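Open the model in your viewer and keep the sequence panel beside it. The stops below say what to select and what is found there.

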Amino acid sequence: MRLGTRPLAAALVALVVTGCASVTAAPAGPFKAGGGQEVTLGRMWSDISPIMVSRGKKVRVLSIDGPVLNALYVGSGLVPGDNLIRSYVKEHPTPLVRAGMSTSERLEFMSDSIAAMGYQRVDLNHLRAAKLGAAPGVRFDLDAATSEGLEIKGTGVVAEVSGKLYLMLYLAPAEHYFQASLPEVESILASARISG
Amino acid sequence: MRTLILAAVASLVLCAPAQAQRLAGVRPDVASDEGGLWAVSDKTEGSARQSAELDRDPALNAYVRDVACKVARDHCADIRVYVMDRPFFNATMAPNGYTEVWSGTLLRAADEAQLAFVLGHEVSHFDRNHSLLSWRRKKSTSNAMMVLSAGVAVVGVAAASSATTYDGASSILDATRSLIDVVYLTGMASLFAYGRENESEADRLGLDRAAHAGYAPSAGTELWRAQMGETQASDFKRVRTSGTRTNIFASHPLDAERIAALQENLKSLPNTGETGRARHRAAIRPHLATWLRDDLRRRDFGQTLHLIGRLAADGEDLGVLNFYRGEAHRQRRGEGDLTSARDAYLAAAAYPDAPVAVWRELGDLRRKASDAAGAKAAYETYLAKASTAEDAWIVQDSLNSLTSGK
């Protein structure tokens, strides 16, 4: 394969940015995710957003044991042109929020964004109606794998409020970690309030 | 100084090890440099076996392995083929015989003969020990560059120290730095040139292998022409122009150069042989939908549409292909794309192999176009065909909202 210099440059920039950034504590209690979305954390999390350089600009990422072992993505008020995962190379774009997305397209946005994170064989399943705050949305579970073969499980919710996309996505290895934090994640998902 | 540089350049060009052909069934001594490369390849192969990208369909793997064996001949027992679900045109063969064929290659090979050409190319790299020779070349070239750079530096410092003015010494040191850069760039350029020579040789030998296995020798040129067409169909200018530019640091020859060289080689081969088109299509058919969905995730919809156009040329699998044509247009959302998407979904719906999602997408598009009656009909068809689908309730919800006028 022919590799360009632009991905390398992007990686170097990311490395420099990461070097300046720091993880902060997200203590139990209200957590403002921006964009008018607030959730309640039942325990101490870490806000690892600054080191998750590929996240979209309206996405916060929380973790307990590090992003490989559990990550909760909270996206708030995404408008057309925003993304969950950022693209660093024009020729390798990542999924964008589009105007007037159907429910199927919002789910497609989620699964394609998860694939853009590098996960393989992403399968959204157990689709069901749910609320995100007071807004009607779609809850889903998911199965995927890392390219090295580690099985990943996840769950999430996506909803549109006044033309803006709000989402939460929890990803963790199927072995131990997913189940270990699932009750806390369920509680956080149920606590969401959107005032945007 | 000039003599030294010329000697450096000459040594970089002349220090290539002699070509060596691999003996079938022979594993190198573990203490040798080749044994070390094999050990690394063994480790990589172990990772590939665990990879989530490994396609474990036994029928597909048996098909690709069978074609590989036909072109590998004596080396059949030396190679192990793994199909990886990666939506790019690529195949590799490691020094230990571990071979990856990516799903993007299987999707883009129009027939078995084109796949045989690709595998023949990889077997030729393996048979001619290109990995080992490249590694030795890199080692000897980097050693030569280091020695020559040191020599240039010593001569330059000596000359600068004997200069009578500060400006004179400074100029000599600037010239020395420039000459060291020349040595480095010449060395790197010679390495890349060597890589391009290996690629050209593997093309020529791969063509021979495929032809001697009974495949149509024109397959190689047809495959590269299709690749050029796909490059030109890209949504991105940078990709479209990538196939027309080369430089001394390119790892592969230009596609146009490869086609010209293959056409020259065709003159010495009989213009006969089979394409195996039906066998190839039968082997990849169960994977078409999955691989096209993977290809869409590259988000170069122009290239995906070009690929679908090639796959549809023989009039097969038109339900699946037209559905994914519609998906490419829907996701691109450029000028006229939503109309093209609707037309493609409608075309797909006329074939028995159309995925049921055709009617859901058609319903969504018609709804966006304020065609409530059309949307209702499409949603109802979807629900009739897929009443137990995971998302049936979502479609029912859309249908209900149409009925209630919300």
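In which helix of chain B does Val155(B) lie? Select Val155(B): the residue belongs to helix 6 of chain B, residues 130–161. Bear in mind throughout that this is a predicted model.

Is Val155(B) buried, exposed or partly exposed? Val155(B) has 15 other C-beta atoms within 10 Å. A residue needs 20 or more to count as buried and 12 or fewer to count as exposed, so Val155(B) is partly exposed. Now add Ile172(B) to the selection. The two residues are 17 apart in sequence, and their C-alpha atoms lie 9.9 Å apart in space.

**Helix 15 of chain B**

Stay in chain B and select residues 337–349, which form helix 15. The helix has 13 residues, and at 1.5 Å a residue the expected span is 18 Å. The C-alpha atoms at its two ends are 18 Å apart, so the model agrees with that expectation.

Next, colour the buried residues of helix 15 of chain B: Ala341(B), Arg342(B), Ala344(B), Tyr345(B) and Ala348(B). Why do they sit on the same side of helix 15 of chain B? Around the axis they cover an arc of only 165°, which puts them on the same side. The spacing rule behind such patterns is a general one: an α-helix has 3.6 residues a turn, so residues three or four places apart point the same way. To see what these buried residues pack against, show helix 14 (318–332) and helix 16 (357–368) of chain B.

**Chain A as a whole**

Hide chain B and show chain A as a cartoon. Chain A holds 3 helices and 11 strands. Followed along the sequence, the order is α-β-β-β-β-β-β-α-β-β-β-β-α-β. Chain A has 196 residues, of which 38% count as buried. Take the contacts in chain A between residues at least 6 apart in sequence: 46% of them join residues at least 24 apart.

**The sheet of 8 strands**

Trace the open sheet of chain A whose 8 strands come in the order 1-4-5-6-10-9-8-7, with antiparallel pairing. Its edges are strand 1 (24–26) and strand 7 (120–132) of chain A, each paired on one side only. On average, neighbouring strands of this sheet are turned by 25° against each other, ignoring direction.

Inside this sheet, select residues 151–161 and 164–173 of chain A, which are strand 9 and strand 10. They are antiparallel and share 10 bridges. One bridge to pick out joins Gly156(A) to Leu169(A), the latter in strand 10 of chain A.

Now add the helices that lie across these strands. Helix 2 of chain A (residues 103–116) crosses strand 7, strand 8 (135–145), strand 9 and strand 10, and runs at about 140° to strand 7. Helix 3 of chain A (residues 177–191) lies across strand 6 (71–78), strand 9 and strand 10, at about 155° to strand 10.

**The sheet of 3 strands**

Move to the other open sheet of chain A listed here, with 3 strands in the order 2-3-11 and antiparallel pairing. Strand 2 (29–34) and strand 11 (193–194) of chain A are the edge strands.

How many bridges join strand 2 of chain A to strand 3 of chain A? There are 5, and strand 3 covers residues 37–41. Select the opposing pairs in turn:

- Gly29(A) faces Leu41(A).
- Pro30(A) faces Thr40(A).
- Phe31(A) has Val39(A) as its bridge partner.

Strands 2 and 3 of chain A make a hairpin with 2 residues between them, and Gly35(A) in the turn has a positive phi of about 65°. On its way to strand 11 of chain A, strand 3 of chain A pairs in the antiparallel sense over 2 bridges. There, Gln37(A) stands opposite Ile194(A) of strand 11.

**Where the chains meet**

Bring chain B back. At the last stop, 22 residues of chain A contact 22 residues of chain B. On the chain A side, helix 2 and strand 7 are the elements that give two or more residues. Strand 7 of chain A has the largest share, with 5 residues. By class, this side of chain A has 6 nonpolar, 9 polar and 7 charged residues.

Key
Residues are numbered from 1 along each chain as its sequence is written. Chains are lettered from A and ligands numbered from 1 in the order in which they are written. This is a predicted model: local features need pLDDT of at least 70, side-chain atom pairs count only at pLDDT 80 or more; totals for chains, interfaces and linings use all residues. Two strands pair if DSSP finds at least two bridges between them. Helices (H or I, at least four residues) and strands (E, at least two) are DSSP runs, numbered from the N terminus. Axes are lines fitted to C-alpha atoms, for helices over the stretch in contact, and angles run from 0 to 180 degrees between N-to-C directions. Two residues are in contact if their C-beta atoms, placed from the backbone, lie within 7 Å. Ala, Val, Leu, Ile, Met, Phe, Trp, Tyr, Cys and Pro count as nonpolar, Asp, Glu, Lys and Arg as charged, and the others, Gly among them, as polar. The expected span of a helix is 1.5 Å times one less than its number of residues. The arc is that of the directions from the helix axis to the C-beta atoms.
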